[in-house]
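The following explanation leads the reader through one structure, from its strands to its helices and the contacts between them. Please keep the model in view while reading.

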Amino acid sequence: MEKDTVIALSKTKLLLLIAGACGFVALGCWMVSMDADKIVPIASTPGVFFKKAIPVIGIVSIVFFGACALFALKKFADKKPGMILSPSGMLDNSNGVSADFIPWSEITGFSVWEFQRQKILVVNVVDPQKWINMGGPIWRKLKYINFKLAGSPITISSNLLKVNFAELLFLCNAYLAKYGKHRASHSTRPY
């Protein structure tokens with residue numbers, strides 16, 4: 001483990017994300033274009049509410065999944081790897097709220113947060129507020145939500161990486177065990 005470990009973004013997973021997001025955008029467009037008079041309400045749902053809710057759900061679907069598709073397209077074109085583990089720290093480029101470079105001296109450990117049967121790596125840091133304050137207002141809010149839900153502003157999913165979750169957790173723990181002890185001598189950014 002003297003060298004860097006480079007983990008690429010999975011182009012296959014990104015294509016699947018793009019296709020799925022585009023499908024939900026199309027579904028949202030269909031919902032918005034529906035004729036309100038032809039919508040048959042579900043027996044337990046009041047007809048007026050149901051007729052007004054369909055276009056709103058469609059708009060929310062278009063906006064949310066449209067943003068997901070744009071993010072995935074951007075990542076698909078990204079030539080940088082999804083993650084680099086080095087003697088000085090980890091460089092995260094795996095998701096929309098990536099923390100960028102995190103020196104081992106800032107990391108106190110890793111934990112696992114399970115959300116809707118998906119395992120997410122939680123990077124526990126010395127000063128969470130420092131990481132919450134980085135970036136623009138939207139990213140700060142998203143990192144604050146991560147902090148409230150997972151206990152840290154920095155979370156990493158293996159969903160878009162060419163590695164499974166167990167391998168990601170193993171590699172991160174191995175690097176922290178080896179280089180986390182030598183905090184003073186390994187504090188520079190690798191790239």
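The paragraphs below treat the strand pairings, a helix that packs on a sheet, two turn residues, the salt bridges and a surface patch.

The model is a predicted one, and every value discussed here is computed from it. A convenient place to begin is strand β2, residues 83–86, which pairs with strand β3, residues 89–92. The two strands run antiparallel and are joined by four bridges. Two residues lie between β2 and β3, and the unit they form is a hairpin. Within this pairing, Ile84 has Leu91 of β3 as its bridge partner.

Strand β3 also pairs with strand β4, residues 100–103. This second pairing is again in the antiparallel sense and comprises four bridges. Here Met90 is found opposite Ile102 of β4. As a general point, side chains in a regular strand alternate between the two faces of the sheet.

Further along the chain, strands β5, β6 and β7 make up an open sheet of three strands, arranged in the order β5-β6-β7 with antiparallel pairing. The edges of this sheet are occupied by β5 and by β7, residues 154–156; each has a single partner strand, so one side of each is left without a neighbour in the sheet. On average, and with direction ignored, neighbouring strands of this sheet are turned by 30 degrees against each other.

Helix α5, residues 165–179, packs on this sheet and touches β5, β6 and β7. The direction of α5 makes an angle of about 165 degrees with that of β5. One residue of helix α5 is Lys178, which counts as partly exposed because its relative accessibility is 31%. The C-alpha atoms of Lys178 and Pro87 are 8.2 Å apart, although 91 residues separate the two along the chain.

The pairing of β5 with β6 can be followed in detail. Strand β6 covers residues 118–125, and eight bridges join it to β5 in an antiparallel arrangement. Two of the residues facing each other across this pairing are Phe110 and Val123, the latter in β6. Gly109, in turn, stands opposite Asn124 of β6.

Strands β5 and β6 form a hairpin with two residues between them. Gln116 belongs to the loop between these strands, and its phi is positive, at about 50 degrees, although Gln116 is not a glycine. Arg117 is also placed in the loop between β5 and β6; its phi is near 65 degrees, again a positive value in a residue other than glycine. Gln116 counts as exposed because its relative accessibility is 69%. Arg117 likewise counts as exposed, with a relative accessibility of 79%.

How many salt bridges does the model contain? The count comes to two. One of them links Asp78 with Lys75, whose closest N and O atoms are 3.8 Å apart. Both of these residues, Asp78 and Lys75, are buried.

The side chains of Glu106 and Lys130 also meet in a salt bridge, with an N to O distance of 3.0 Å. Glu106 lies in the loop between β4 and β5, whereas Lys130 lies in helix α3, residues 128–132, so the pair ties together parts that are 24 residues apart in sequence.

Is Glu106 buried or exposed? Its relative accessibility is 15%, and Glu106 therefore counts as buried, the limit for that class being under 20%. Lys130 has a relative accessibility of 33% and so counts as partly exposed. When residues up to four places away in sequence are left aside, Glu106 touches Asn124, Val125, Val126, Lys130 and Trp131. Among these contacts, Asn124 is the residue of β6 that stands opposite Gly109, and Lys130 is the salt-bridge partner of Glu106.

The last feature concerns the surface. Ile138, Trp139, Leu142, Tyr144, Ile145 and Leu149 make a nonpolar surface patch of about 570 Å². One of its members, Ile138, lies in helix α4, residues 137–150. Ile138 has a relative accessible area of 61% and is therefore exposed, since exposed residues are those over 50%.

Note on methods. Residues numbered from 1 in each chain as written. Predicted model: local features only at pLDDT ≥ 70, side-chain atom pairs only at ≥ 80, totals over all residues. Heavy atoms only, no water. Pairing = 2+ DSSP bridges. Patch = residues over 30% accessible without salt bridge, like charges linked within 9 Å, V, L, I, M, F, W, Y side chains within 5 Å. Areas by Shrake-Rupley, 256 points an atom, 1.4 Å probe, with all protein chains shown as cover. Salt bridge = Lys/Arg side-chain N within 4 Å of Asp/Glu carboxyl O. Buried < 20%, exposed > 50% of the residue type's maximum accessible area, 1.4 Å probe, protein only. Contact = heavy atoms within 4.5 Å. Axes fitted to C-alpha atoms, helices over the stretch in contact; angles between N-to-C directions.
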